[in-house]
Amino acid sequence: MAYAETYLLDLDQLMQRYKRFQTREDWLIERRARRKRMLAYASGAASFILFRSLTLSDEAILSRIDPYSASELVEPRGHWLRPGFLHKWQKKLHEPQGPISQYYRWLLGVKRFPLKHGAAQFFVGFVPAYITFTSLHHWSQNERLNKYLKQETVFGELSRLLVRGNSPEAAVAAVRNMQVSS
C-alpha cells in the first residue's frame, strides 16, 4: 500500500470539486486534521528551538537568564553611578556570593556543544524539527484517510475506490452510477 498522502492528493481535489456533497462528519474530519497540522507545525518549531539552543554556549543562555552575568566593565544593577566610579575590589562587594551565583560562574566557562557557527548549527535544529513535523503530519494523514475509509458518505466511497486503485475519474463515475441506481 502506498502512502496515505498519495491517495489524499486525489481525494482532496475531488472534495474541492464536489464540496456540495460534504457532510458534517466530513467537515469534522477536516477540522480535526487542520488542528493536528497546526500541532505538527508548533511541534516542529518547538523542536527546532530546543535543539538549536543546544548549540548555544552557556554564556549566551545565561545572559538571558541570569541578572548577575554582567562583566566587571559594567556597573552592577541598582547603581546609578558613572562607569569607572567603583574600583574592581569594590565591585566584588556588590556581586552575589551564594551557591547559585557560584554555579552560574562555573557554567560560564563550560561550552555545551562544539558547533559555534555555520550550517551545522542550523542543521542541528533543522533535522529533528523536520523529522518531528513529517512524522506527526504523516500520522495525522494516515488517521484522516482511515476515517474517510470508515465513512458511509460520498467522500468515504470515493476514498475506498481510490485506495482500491481506481483513477479519480473512474471513482467519480462509479459513485455517480451508485447514486443513479439507488
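In the predicted model, Phe126 is partly exposed, with a relative accessible area of 35%. Its ring is stacked on that of Phe122, because the ring centres lie 5.6 Å apart and the planes meet at 15 degrees, under the 30-degree limit for stacking. Both residues belong to helix H6, where a separation of four residues places them about one turn of the helix apart. Phe122 is likewise partly exposed, at 39% relative accessible area. Ring pairs extend this arrangement into a cluster that comprises Phe48, Phe122, Phe123, Phe126 and Tyr130. A nonpolar surface patch is formed by Phe122, Phe123, Phe126, Val127, Tyr130 and Ile131, which together present about 580 Å² of accessible area. Tyr130 is located in helix H6, which spans residues 119-150.

Across the whole structure, seven aromatic pairs were found. One of them is formed by Tyr41 and Phe133, whose ring centres are 5.2 Å apart and whose planes lie at 10 degrees, so this pair is also stacked. The pair links distant parts of the chain, with Tyr41 in helix H2 and Phe133 in helix H6, 92 residues apart. Both rings belong to partly exposed residues, the relative accessible area being 42% for Tyr41 and 23% for Phe133.

A further set of contacts between these helices involves Ser47, which lies in helix H2 (residues 24-53). Ser47 is buried, since its relative accessible area of 8% falls under the 20% cut-off. Beyond its neighbours within four places in sequence, Ser47 is in contact with Gly125, Pro128, Ala129 and Thr132.

Charged side chains also connect helices H2 and H6. The count of salt bridges comes to six. Among them, Glu30 pairs with Arg144, the closest N and O atoms being 3.0 Å apart; Glu30 lies in helix H2 and Arg144 in helix H6, 114 residues apart. Glu30 is partly exposed at 22% relative accessibility, whereas Arg144 is buried at 6%. Salt bridges with shared partners join Asp12, Glu30 and Arg144 into one network.

Glu143 takes part in two of the salt bridges described here. With Lys36, the closest N and O atoms are 2.6 Å apart; Glu143 is in helix H6 and Lys36 in helix H2, so this bridge ties together parts that are 107 residues apart in sequence. Relative accessibility is 29% for Glu143 and 29% for Lys36, and each counts as partly exposed. The salt bridge between Glu143 and Lys147 has an N to O distance of 3.2 Å and lies within helix H6, its partners being four residues apart, about one turn of the helix. Lys147 is partly exposed, with a relative accessible area of 26%.

How values were computed: Residues are numbered from 1 along each chain as its sequence is written. This is a predicted model: local features need pLDDT of at least 70, side-chain atom pairs count only at pLDDT 80 or more; totals for chains, interfaces and linings use all residues. Side-chain values use heavy atoms; hydrogens and water are left out. Helices (H or I, at least four residues) and strands (E, at least two) are DSSP runs, numbered from the N terminus. Buried means under 20% relative accessible area, exposed over 50%, partly exposed in between (1.4 Å probe, protein chains only). Contact means heavy atoms within 4.5 Å. Patches are made of residues with over 30% relative accessible area and no salt bridge: like charges are joined within 9 Å, nonpolar side chains (Val, Leu, Ile, Met, Phe, Trp, Tyr) within 5 Å. Accessible areas come from the Shrake-Rupley method with a 1.4 Å probe; for residues, only the protein chains shown count as cover. A salt bridge is a side-chain nitrogen of Lys or Arg within 4 Å of a carboxyl oxygen of Asp or Glu. Rings of Phe, Tyr and Trp (its six-membered ring) pair if their centres lie within 6.5 Å; planes under 30 degrees apart count as stacked, over 60 as edge-to-face and the rest as tilted.
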